[in-house]
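Got your viewer open? Let's take a walk through this chain, one selection at a time.

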Amino acid sequence: MQTPALNKSSLSRLERQRTLYRRYLPALEMKQRTLLIQRQQSAERLATLRERAERQQATVGHELPMLADTDVPLEGLVRVATLRLGRENRVGVSLPTLAELTLERRPYDRLAQPHWIDTLVERLETRLRLEVETRIETRRLARLDDAVRTVTQRVNLFSKVMIPRLEKAIARIELYLADQERAAVVRAKLAKRKLAAGGQGAMR
């Protein structure tokens, strides 16, 4: 901010600017609080998804221990057939959502495969869904992190830099104008005394 002129016009302009900033700051702080809540919720959802994935993996290991020693080809049993993302706006932040997910099973001969292959395919589908949801939630959290960082920087800029600078400049101008006003009053009194003294001298 340039050094303002020490006059009433500059004071009025700075006061209007301060009023505008003070009016804008609460909206920014509200957005910051809302984004922090959204970020916390996203972080909790992501933690839940990861926990579910870990539990599901442990369950598969318990239900299907034979997976460790099998020659049955397991690759490509389940794949993503359709994945479509949507968008939702949260406090001005565009976040990805899962609009559609379709999984496709690779055809296999149940008679030629071990009896546990159907259970395995079901578990693979669950795991694949969790992976997709986890990736999307990770992207949501990253965007919310960026948004929180940006709005926090703006809040700090207004509350800790711009408004304090304006208040300091306003106080400086007010002090200067008050000094000028006092000096004018003193000059007026001196002039009045001088005028009165001159009038008395003329009367003599």
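Start by showing the surface of the whole chain: the accessible surface comes to about 14,000 Å², and 52% of that belongs to carbon and sulfur atoms. Areas here come from the Shrake-Rupley method with a 1.4 Å probe, and for residues only the protein chains shown count as cover. One thing to keep in mind is that this is a predicted model, where local features need pLDDT of at least 70, side-chain atom pairs count only at pLDDT 80 or more, and totals for chains, interfaces and linings use all residues. Residues are numbered from 1 along each chain as its sequence is written, and side-chain values use heavy atoms, with hydrogens and water left out.

Of the 204 residues in the chain, 26% are buried (buried means under 20% relative accessible area, exposed over 50%, partly exposed in between, with a 1.4 Å probe and protein chains only).

Now switch to cartoon. Which pattern does the chain follow along the sequence? The pattern is α-β-β-α, with two helices and two strands. Helices (H or I, at least four residues) and strands (E, at least two) are DSSP runs, numbered from the N terminus.

Select residues 8–63, which is helix α1. Its 56 residues should span 82 Å at 1.5 Å a residue, and its end C-alpha atoms are 81 Å apart, which agrees. The expected span is 1.5 Å times one less than the number of residues. At the start of α1, zoom in on Asn7: one of its side-chain oxygens reaches to within 3.3 Å of the backbone nitrogen of Ser9.

Next, pick the two strands. Strand β1 (residues 78–90) pairs with β2 in the antiparallel sense over 12 bridges; two strands pair if DSSP finds at least two bridges between them. Try clicking on Leu83, whose bridge partner in β2 is Leu101, and then on Asn89, whose partner there is Ser94. The hairpin has two residues between the strands, and Val91 takes a positive phi near 55 degrees.

Time to look inside. The largest nonpolar core has 20 residues, and Leu14 and Leu35 have the most contacts inside it. A nonpolar core is a set of buried Ala, Val, Leu, Ile, Met, Phe, Trp, Tyr and Cys residues joined through side-chain atoms within 4.5 Å. Helix α1, strand β2 (93–105) and helix α2 each supply at least two residues of this core, and α2 gives the most, with 12 residues. Select Leu35 and look around: leaving aside neighbours within four places in sequence, its contacts (heavy atoms within 4.5 Å) include Val93, Leu144 and Val148. Apart from this core lies another one of 13 residues, among them Val78, Leu103, Ile117 and Val132.

Last stop: helix α2 (residues 117–203), where you can select Glu125. Is Glu125 buried or exposed? Glu125 counts as buried because its relative accessible area is 18%. Beyond residues up to four places away in sequence, Glu125 touches Val78, Leu103 and Arg105.

Now move to Arg140, also in α2. Arg140 is buried, at 6% relative accessibility. Show its side chain together with that of Glu88, and you'll find a polar contact of 2.7 Å joining them. (A polar contact is a pair of N or O atoms within 3.5 Å; within protein, one must be able to donate a hydrogen and the other to accept it, and residues adjacent in sequence count only if both atoms are side-chain atoms.)
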